[in-house]
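Please open the model in your viewer and have its selection tool ready. The tour proceeds by short selections, each followed by a description of what is found there.

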Amino acid sequence: DFEVVDGAYDGTKLFGTASDWNYEEDEPRLLMQFDPLDNDMGFLDFLDGYLYLLLNDNDLDKTTLRIEHS
C-alpha cells in the first residue's frame with residue numbers, strides 16, 4: 001500500500017528526503033529509501049540502517065546505491 005507520509009518519516013519510502021542524512025555534502029535527491037527493519041521481507045534483515053537509491057542529474061542511468069548502517 002502506498003500513502004503520503006511526513007518528510008521526516010524514517011521507514012521505507014519513495015522520493016522525499018533521506019532520513020538520518022548527517023553528512024557534510026548536500027542532501028541528495030532520493031528515489032527510494034529502504035529500511036529492512038520496517039517490514040518482514042527478509043531482504044537485508046541484518047542491516048540496522050538504510051539502503052538508499054539516489055538520483056543524479058535526473059538520469060535514472062546515473063542512480064547511485066548507498067547502504068548506511070545506524
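The stops below move from the sheet to ring pairs, salt bridges and a surface patch.

**Before starting**

This is a predicted model, in which local features need pLDDT of at least 70 and side-chain atom pairs count only at pLDDT 80 or more, while totals for chains, interfaces and linings use all residues. Residues are numbered from 1 along each chain as its sequence is written, and side-chain values use heavy atoms, with hydrogens and water left out.

**Stop 1: the sheet**

Switch to the cartoon view. The model has an open sheet of 4 strands, in the order S1-S2-S3-S4, with antiparallel pairing. The edge strands are S1 and S4 (59–69), each of which pairs on one side only. Strands here are DSSP runs of E with at least two residues, numbered from the N terminus, and two strands pair if DSSP finds at least two bridges between them.

Select residues 13–14, which form S1, and residues 29–34, which form S2; 2 bridges join these antiparallel strands. Leucine 14 stands opposite methionine 32 in S2.

Next, add residues 49–56, which make up S3; this strand pairs with S2 in the antiparallel sense over 5 bridges. Phenylalanine 34 has leucine 51 in S3 as its bridge partner.

Finally, add S4, which is joined to S3 by 7 bridges and runs antiparallel to S3. Glycine 49 stands opposite histidine 69 in S4. In a regular strand, side chains alternate between the two faces of the sheet.

**Stop 2: the aromatic rings**

Rings of Phe, Tyr and Trp (its six-membered ring) pair if their centres lie within 6.5 Å; planes under 30 degrees apart count as stacked, over 60 as edge-to-face and the rest as tilted. By this rule the count comes to 2 aromatic pairs. Select phenylalanine 34 and phenylalanine 43: their ring centres are 5.7 Å apart and their planes stand at 50°, so this pair is tilted.

Which of these residues is buried? The term means under 20% relative accessible area, whereas exposed means over 50% and partly exposed lies in between (1.4 Å probe, protein chains only). Phenylalanine 34 is buried, at 4%, and phenylalanine 43 is partly exposed, at 47%.

**Stop 3: the salt bridges**

Side chains of opposite charge can pair when their charged atoms come close. A salt bridge is a side-chain nitrogen of Lys or Arg within 4 Å of a carboxyl oxygen of Asp or Glu. The structure holds 2 salt bridges.

Select aspartate 57 and lysine 62, which form a salt bridge with their closest N and O atoms 3.8 Å apart. Aspartate 57 is exposed, with a relative accessible area of 64%, and lysine 62 is partly exposed, at 42%.

Then select glutamate 68, in strand S4, together with arginine 66; their side chains meet in a salt bridge of 2.6 Å, N to O. Glutamate 68 is buried, with 18% relative accessibility, while arginine 66 is partly exposed, with 24%.

**Stop 4: a nonpolar patch**

Turn on the surface and select Phe2, Leu14 and Phe15, which make a nonpolar surface patch of about 390 Å². Patches are made of residues with over 30% relative accessible area and no salt bridge: like charges are joined within 9 Å, and nonpolar side chains (Val, Leu, Ile, Met, Phe, Trp, Tyr) within 5 Å. Accessible areas come from the Shrake-Rupley method with a 1.4 Å probe; for residues, only the protein chains shown count as cover.

Phenylalanine 15 lies in the loop between S1 and S2. Phenylalanine 15 is partly exposed, with a relative accessible area of 49%.
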